[in-house]
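Work through the exercises below with the sequence and the structure at hand. Try each task before reading its solution.

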Amino acid sequence: MTTPTTDAMMRLAVEQANGVKGTTYPNPPVGAVIVDRDGQVAGVGATQPPSGPHAEVMALRRAGQRALGGTAVVTLEPCNHHGRTPPCVDALVAAGVSRVVYAVSDPNEVAAGGAARLADAGIEVVPGVLTDEVTRGPLREWLHKQRTGLPHVTWKFATSVDGRSAAADGSSQWITSPAARADVHRRRAVIDAIVVGTGTVFADDPALTARLADGSLAEHQPLRVVVGYREVSSEAKVLNDDSRTMVIRTHDPHEVIKFLADRTDVLLEGGPTLAGAFLRAGAVDRIIAYVAPILLGGPITAVDDVGVLSIAHAQRWRFDGVEPIGPDVLLSLVPG
């Protein structure tokens with residue numbers, strides 16, 4: 001049985017997980033909260049970079065003796081294997097918690113089984129709390145990687161309300177508001193790689209970095225990936241020292257994904273040609289669109305041919321989220 005308080009603690013664990021996205025690969029970004037016997041937060045934690053402690057261990061360290069008889073609230077079922085670090089179930093049992101609440105069962109066969117181990121130790125286990133919020137939130141990309149073995153690809157674009165990515169003269173700065181652009185930089189700061197085509201590099205000369213509100217570089221920078229056969233000038237911003245860059249000589253989206261197989265969270269930011277190629281190939285797992293309340297008209301659309309010849313063959317997507325971003329609207333879509 002769960003309570004509003006349990007839900008609130010899980011949302012606090014989600015906040016912890018979101019705070020470490022982009023830093024934990026190959027481990028998932030997990031958050032944990034330890035609640036003492038009086039129902040008060042005793043410690044919070046999140047997965048540390050590889051070889052560092054997992055979320056439960058961090059939260060237990062901060063809780064200290066207050067964990068005894070308390071509840072652990074975790075976004076992912078505590079792991080049951082000895083990898084770079086000992087099993088989290090061992091730490092929970094040793095700390096003397098009486099109850100463990102988690103959102104998502106671990107799909108990794110090597111790490112699974114933590115719930116059963118905890119139950120065998122006499123600890124009450126409550127699974128499935130706010131599962132949807134966690135699977136659509138901090139664990140979205142990692143769970144996709146576990147299911148498919150492939151990185152999760154999100155196509156991000158900005159558009160006018162009539163679907164134009166630039167005015168007729170080609171100008172596109174700025175379609176969306178500062179609030180929307182800040183949100184893009186926040187997303188860049190937690191992803192593994194960002195992909196554009198050579199056309200975007202020649203047209204816009206983007207740096208493809210994640211920046212903070214003051215213009216400085218964020219601590220985490222994505223791998224910058226440039227796709228296409230044309231040579232990129234050594235003076236291009238995408239080749240500067242702000243982050244690492246990979247140039248892939250191909251037009252095949254599946255080849256790009258193969259090159260990025262060791263990544264989990266990939267953001268596609270290319271222009272209409274690259275977006276069309278990925279959509280035709282079925283290589284997009286999510287769409288996020290920043291839609292500005294302006295009209296541009298003209299021929300420059302957000303995406304080129306996606307292989308649809310009639311309405312009967314339209315690609316079907318469903319809304320995964322809609323939220324205001326300043327004067328703009330952010331739409332999130334997943335395959336229908």
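A residue is called buried under 20% relative accessible area, exposed over 50%, and partly exposed in between. Arg136, at 40% relative accessibility, therefore counts as partly exposed. The model used throughout is a predicted one.

**Exercise 1. A pair across the chain**

Task: Find how Arg136 and Asp320 meet, and state which parts of the chain the pair ties together.

Solution.
Step 1. Apply the cut-off: a salt bridge needs a side-chain nitrogen of Lys or Arg within 4 Å of a carboxyl oxygen of Asp or Glu.
Step 2. The N to O distance between the side chains of Arg136 and Asp320 is 3.0 Å, and they meet in a salt bridge.
Step 3. Arg136 sits in the loop between α5 and α6, while Asp320 belongs to strand β12 (residues 317-325), so the pair ties together parts 184 residues apart in sequence.
Step 4. Asp320 has a relative accessible area of 11%, so this residue is buried.

**Exercise 2. From pair to network**

Task: Which residues are linked with Arg136 in a network of salt bridges?

Solution.
Step 1. Asp320 also forms a salt bridge with Arg140, where the closest N and O atoms are 2.6 Å apart.
Step 2. The network links Asp132, Arg136, Arg140 and Asp320.
Step 3. Place Asp132: this residue lies in helix α5 (residues 131-135). Its relative accessible area is 45%, so Asp132 is partly exposed.
Step 4. Place Arg140: this residue is among the buried residues of α6.

**Exercise 3. Two domains**

Task: Describe the interface of domain 1 and domain 2.

Solution.
Step 1. The domain assignment gives residues 6-142 as domain 1 and 151-335 as domain 2.
Step 2. Their C-alpha centres are 33 Å apart.
Step 3. Seven residues of domain 1 are in contact with twelve residues of domain 2.
Step 4. About 900 Å² is buried between the two domains, and carbon and sulfur atoms give 47% of this area. On the side of domain 1, the residues that lose the most area to domain 2 are Tyr25, Arg140 and Glu141, together 59% of what that side buries.
Step 5. The salt bridges across the interface number two. Five residue pairs are in polar contact between domain 1 and domain 2.

**Exercise 4. A lysine without a salt bridge**

Task: Is Lys145 buried or exposed, and how far away is the nearest side chain of opposite charge?

Solution.
Step 1. Lys145 lies in helix α6 (residues 140-148). Lys145 is buried, as are other residues of α6, including Trp142, Leu143 and His144.
Step 2. The nearest side chain of opposite charge is that of Asp262, at 6.7 Å. The limit for a salt bridge is 4 Å, and Lys145 has no salt bridge.
Step 3. The side chain of Lys145 does make a polar contact with the side chain of Tyr25, at 3.4 Å.
Step 4. Leaving out residues up to four places away in sequence, Lys145 touches several residues, among them Tyr25, Leu150, Pro151 and Asp262.
Step 5. After α6 comes Gly149, which has a positive phi near 80°.

**Exercise 5. Two more salt bridges**

Task: Where do the partners lie in the salt bridges Arg66 with Asp36 and Glu231 with Arg249?

Solution.
Step 1. Arg66 and Asp36 meet through their side chains at 2.7 Å, N to O. Arg66 is in the loop between α2 and β3 (71-76), and Asp36 is in the loop between β1 and β2, 30 residues apart.
Step 2. Arg66 is partly exposed at 39% relative accessibility, whereas Asp36 is buried at 10%.
Step 3. In the salt bridge of Glu231 with Arg249, the closest N and O atoms are 3.2 Å apart. Glu231 lies in the loop between β8 and β9 (245-248) and Arg249 in the loop between β9 and α9 (253-259), so parts 18 residues apart in sequence are tied together.
Step 4. Glu231 is exposed, at 59% relative accessible area, and Arg249 is partly exposed, at 37%.

**Exercise 6. Backbone angles**

Task: What is the phi of Ser51, and what is that of Leu208?

Solution.
Step 1. Ser51, which is not a glycine, has a positive phi near 80°. Leu208 is not a glycine either, and its phi is positive, about 55°.
Step 2. Ser51 is exposed, with 53% relative accessible area, whereas Leu208 is buried, at 3%.

Terms used. Residues numbered from 1 in each chain as written. Predicted model: local features only at pLDDT ≥ 70, side-chain atom pairs only at ≥ 80, totals over all residues. Heavy atoms only, no water. Helix = DSSP H or I, 4+ residues; strand = E, 2+ residues; numbered from the N terminus. Buried < 20%, exposed > 50% of the residue type's maximum accessible area, 1.4 Å probe, protein only. Lys, Arg positive; Asp, Glu negative; His and termini not counted. Polar contact = N/O pair within 3.5 Å; in protein donor to acceptor, adjacent residues only side chain to side chain. Contact = heavy atoms within 4.5 Å. Domains from an automatic or database assignment. Buried area = accessible area lost by both parts, 1.4 Å probe.
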